[in-house]
Amino acid sequence: RGFTFIQPDRTEKFYSFEDILSEADRRGRHLLGLGLEKGDKLALVVPDAEEFILTFIAATTVGIVPVPMYPPMSFGKLDSYVDTAENILGAADAKVLLTDARVQAILWSLVDKVPTLERILTIDKLEGEAPTDLIKPEVEADDTVFLQFTSGSTSLPKGVVVTHKTLAANLHAIMGPGLEMVPGEDVTVSWLPLYHDMGLIGMMLAPLVWGCSGVFIPTLTFVKHPSIWLETVSKYRGT
């Protein structure tokens, strides 16, 4: 059981739930080693599902608060995108923005625009051996687990504070009474973006907590080749 990530070239990478736990621990210690502390807000503009999910989980295990943000979709509206990103980062009091090398070049100016934002880091900073002499902070049920922002399509993005306790109740309602999913048997298959609640909560966090395997198709791959969704459902016996 675990998560399978389908790459744009159709290759696949599998992580068992044990692998995810181990990788989250390693990345969490990296984040602490970079100077982040419990309660700090970590903005994520990470298009790759594998990198996003593993880093998101890592942050939550050490009390760092992820702020998922959608990546720029085209080069035609970059000014508008940067303005929206500035609003989200400012509202979230984000301390660090984590992204990939391609997007970093677009977002570098935000450090000067957002008072709380200390730096922009690329995802490769989490590679390799992590510090082992750090004390991992305790995470409590009433702590904030992440901040969820609206898309901003009709007004400025608005943020919602999600705690571990409220998230756990929501995940139980979705997978238990809602869908009656069976741990170890049911399989989810999704192409949904991970920066919106249906992809993040419904198709990533819910299967993870409930113990159901999940398969993730890159959103743009689905847009270009919609049939991959049904092919993947068939291959993995998605329920």
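How many residues does helix α3 have, and how far does helix α3 reach from its first C-alpha to its last? Helix α3 spans residues 78–92, which makes 15 residues, and reaches 21 Å between those two atoms. This is close to the 21 Å expected at 1.5 Å a residue, where the expected span is 1.5 Å times one less than the number of residues. Helices (H or I, at least four residues) and strands (E, at least two) are DSSP runs, numbered from the N terminus. The model is predicted, so local features need pLDDT of at least 70 and side-chain atom pairs count only at pLDDT 80 or more, while totals for chains, interfaces and linings use all residues. Residues are numbered from 1 along each chain as its sequence is written, and side-chain values use heavy atoms, with hydrogens and water left out.

The two sides of α3 are worth a look in turn. Its buried residues are Y81, V82, T84, A85, I88, L89 and A92; buried means under 20% relative accessible area, exposed over 50%, and partly exposed in between (1.4 Å probe, protein chains only). They lie on the same side of α3 because they cover an arc of only 165° around the axis, the arc being that of the directions from the helix axis to the C-beta atoms. An α-helix has 3.6 residues a turn, so residues three or four places apart point the same way. On the face turned away from the buried side, α3 carries the exposed residues D79 and A91. The packing partners of the buried residues include β3 (41–45), β5 (94–99) and α5 (110–113).

Helix α5 contains K113, which counts as partly exposed because its relative accessibility is 39%. Beyond its neighbours within four places in sequence, K113 is in contact (heavy atoms within 4.5 Å) with V82 and E86.

A second pair of helices can be described in a similar way. Helix α2 (residues 49–61) packs with helix α7 (residues 197–210) at an angle of about 65°, and their axes are 12 Å apart. Here F52, I53, F56 and I57 of α2 meet L200, M204, L205 and L208 of α7.

Finally, some backbone angles stand out. Most residues other than glycine have a negative phi, and most peptide bonds are trans. D93, just after α3, takes a positive phi of about 55°. E180, in the loop between α6 (164–178) and β9 (187–190), also has a positive phi of about 55°, and E180 counts as exposed because its relative accessibility is 63%.

Technical notes
Axes fitted to C-alpha atoms, helices over the stretch in contact; angles between N-to-C directions.
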